[in-house]
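Student: Hi! Could we go through this structure together, starting with how the helices pack?

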Amino acid sequence: MSYAFTRSLGFFSALKKVILSTKKTNSSLPLPFAVSAMDGNSSCALVLCGKSSAENETAKTLKNSGALKLTDNTELSILLHSESAKPIKEDAFGVDSFMNSLSTNRFGRFLLWSPRLPSTHDVISQNFCELPIGAVCVADVQYKGRGRSKNVWESPKGCLLFSFTLQMEDGRVVPLIQYVVSLAVTEAIKDVCDKNGLPYVDVKIKWPNDLYLNGLKVGGILCTSTFKSKQFNVSAGIGLNVDNEKPTTCLNTFLRELSVTTYQFRREDILAAFFDKFEKFYELFINQGFQSLEELYYKTWLHSGQRVIVQEKNDDQVVENVVTIQGLTSSGYLLAIGDDNQMCELHPDGNSFDFFKGLVRQKLD
């Protein structure tokens with residue numbers, strides 16, 4: 001059994017007509033090396049590093065075992081951070097800087113870093129059982145980044161590109177983890193702003209898994225899971241535009257436009273702040289449910305009070321109804337209410353997802 005719960009949303013207006021399908025849907029949502037030698041797609045290198053001596057021992061074991069693999073015939077070289085030469089390029093991810101900033105008990109403490117990979121998500125998901133829970137893979141560039149429906153996403157230099165592992169037991173709440181991840185990203189950015197005396201860079205969540213700043217997409221979340229030995233093995237992937245102006249905009253462009261500081265966001269600081277936030281949010285989520293995070297989530301997403309005209313086909317007739325988004329249902333779908341005060345649940349039908357295009361509307365008792 002496997003789950004892939006991810007959708008990309010097109011930018012939408014405050015009031016939009018959509019046609020809803022009546023099709024039934026699944027109830028589950030969704031060697032020292034030179035960087036210049038890595039230009040081809042046939043070889044990659046991974047640098048392993050742990051926060052503690054025990055985690056560094058795990059890194060040594062993984063290197064010696066040769067257990068880490070990529071399934072697309074990409075040659076993979078494994079190097080320990082303690083043995084590696086300093087990165088040739090100044091814009092490479094700062095492993096030491098990240099580890100020194102990290103203060104978690106579990107997440108992010110085991111790091112796999114590469115200057116160039118096909119996909120951090122593939123590294124994590126394909127080697128899940130070999131890695132400690134909470135392990136994170138970071139790449140400076142990826143050339144086969146994954147998105148919804150197996151789309152390949154552009155991932156240029158300057159992006160924070162990472163994927164990490166976690167395990168869950170309750171399949172009913174697995175689809176909600178993408179919301180916890182999204183919230184941790186937005187709160188991590190605020191935390192970095194606080195620490196550096198900056199005005200808030202108010203990144204918003206566009207349901208279900210996109211991140212927007214001033215009307216432009218600056219990031220996205222991809223969460224997938226497989227079920228094995230009574231556990232859900234979840235791989236969570238994040239891409240965030242930190243210092244790359246293309247293809248849309250980035251956090252540092254926004255700061256420059258404010259003209260209030262010379263400070264620039266660093267990927268290492270955001271990643272360390274993310275894991276600090278995520279570890280706290282995840283504990284709340286597992287112990288108290290998503291309702292413990294709902295108030296903060298609704299302050300951060302774009303959809304409270306969103307009014308939408310929906311068209312439902314019934315034989316040869318089309319019936320229009322206006323619904324207003326209220327929040328999320330317990331299963332992670334959109335909760336809406338019609339002008340007739342009838343509560344309903346909206347969720348995607350198939351792979352089409354231009355916001356409400358292709359959504360199924362189900363009335364709630």
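Student: At what angle do H6 and H7 pack, and how far apart are their axes?
Tutor: The angle is about 130°, with the axes of H6 and H7 8 Å apart. Axes are lines fitted to C-alpha atoms, for helices over the stretch in contact, and the angle runs from 0 to 180 degrees between N-to-C directions. Helices are DSSP runs (H or I, at least four residues), strands are E runs of at least two, and both are numbered from the N terminus. This is a predicted model, where local features need pLDDT of at least 70, side-chain atom pairs count only at pLDDT 80 or more, and totals for chains, interfaces and linings use all residues. Residues are numbered from 1 along each chain as its sequence is written, and side-chain values use heavy atoms, leaving out hydrogens and water.

Student: What does that angle make H6 relative to H7?
Tutor: Oblique. Under 35 degrees counts as roughly parallel, over 145 as roughly antiparallel, 65 to 115 as roughly perpendicular, and the rest as oblique.

Student: Which residues make that contact?
Tutor: From H6 there are Phe-281, Leu-284, Phe-285 and Gln-288, and from H7 Gln-291, Ser-292, Leu-293 and Leu-296. Contact means heavy atoms within 4.5 Å. By class, H6 with H7 gives five nonpolar, three polar and no charged residues. Here Ala, Val, Leu, Ile, Met, Phe, Trp, Tyr, Cys and Pro count as nonpolar, Asp, Glu, Lys and Arg as charged, and the others, Gly among them, as polar.

Student: OK, and how do H4 and H6 cross?
Tutor: Their axes come within 8 Å and cross at roughly 135°, so H4 and H6 are oblique to each other. H4 passes H6 in a right-handed crossing. A crossing is right-handed if the near helix is turned clockwise from the far one by less than a right angle, and left-handed if anticlockwise.

Student: Which residues meet there?
Tutor: Among them are Val-180, Leu-183 and Ala-184 in H4, and Phe-274, Phe-278 and Phe-281 in H6. The tally for H4 with H6 is 15 nonpolar, no polar and four charged residues.

Student: What about H4 and H7, left-handed or right-handed?
Tutor: H4 passes H7 in a left-handed crossing. The contact includes Tyr-179, Leu-183 and Lys-190 of H4 and Leu-293 and Tyr-297 of H7. The axes of H4 (residues 177–195) and H7 (residues 291–300) come within 10 Å, at roughly 70°, so the two helices are roughly perpendicular.

Student: Switching topic: how many salt bridges are there?
Tutor: A search of the whole structure finds 15, each a side-chain nitrogen of Lys or Arg within 4 Å of a carboxyl oxygen of Asp or Glu. One of them pairs Lys-63 with Glu-83, whose closest N and O atoms are 2.9 Å apart. Lys-63 is in helix H1 (residues 53–65) and Glu-83 in the loop between strand S4 (75–80) and helix H2 (95–101), so the pair ties together parts 20 residues apart in sequence.

Student: Which prolines follow a cis peptide bond?
Tutor: Pro-208 follows Trp-207 through a cis bond with omega near 5°, in the loop between strands S10 (204–206) and S11 (210–213). Lys-246 and Pro-247 are also joined by a cis bond, with omega about 10°.

Student: Where is confidence lowest, and where is it highest?
Tutor: Strand S2 (residues 17–20) is lowest, at a mean of 33, and H6 (residues 267–288) highest, at 98. That is pLDDT, the predictor's confidence in each residue, from 0 to 100. The chain's mean is 83, and 80% of its residues reach 70 or more.

Student: Which stretches stay under 50?
Tutor: Residues 1–40 do, and so do residues 350–354. Where pLDDT is low, the predicted coordinates should not be read in detail.
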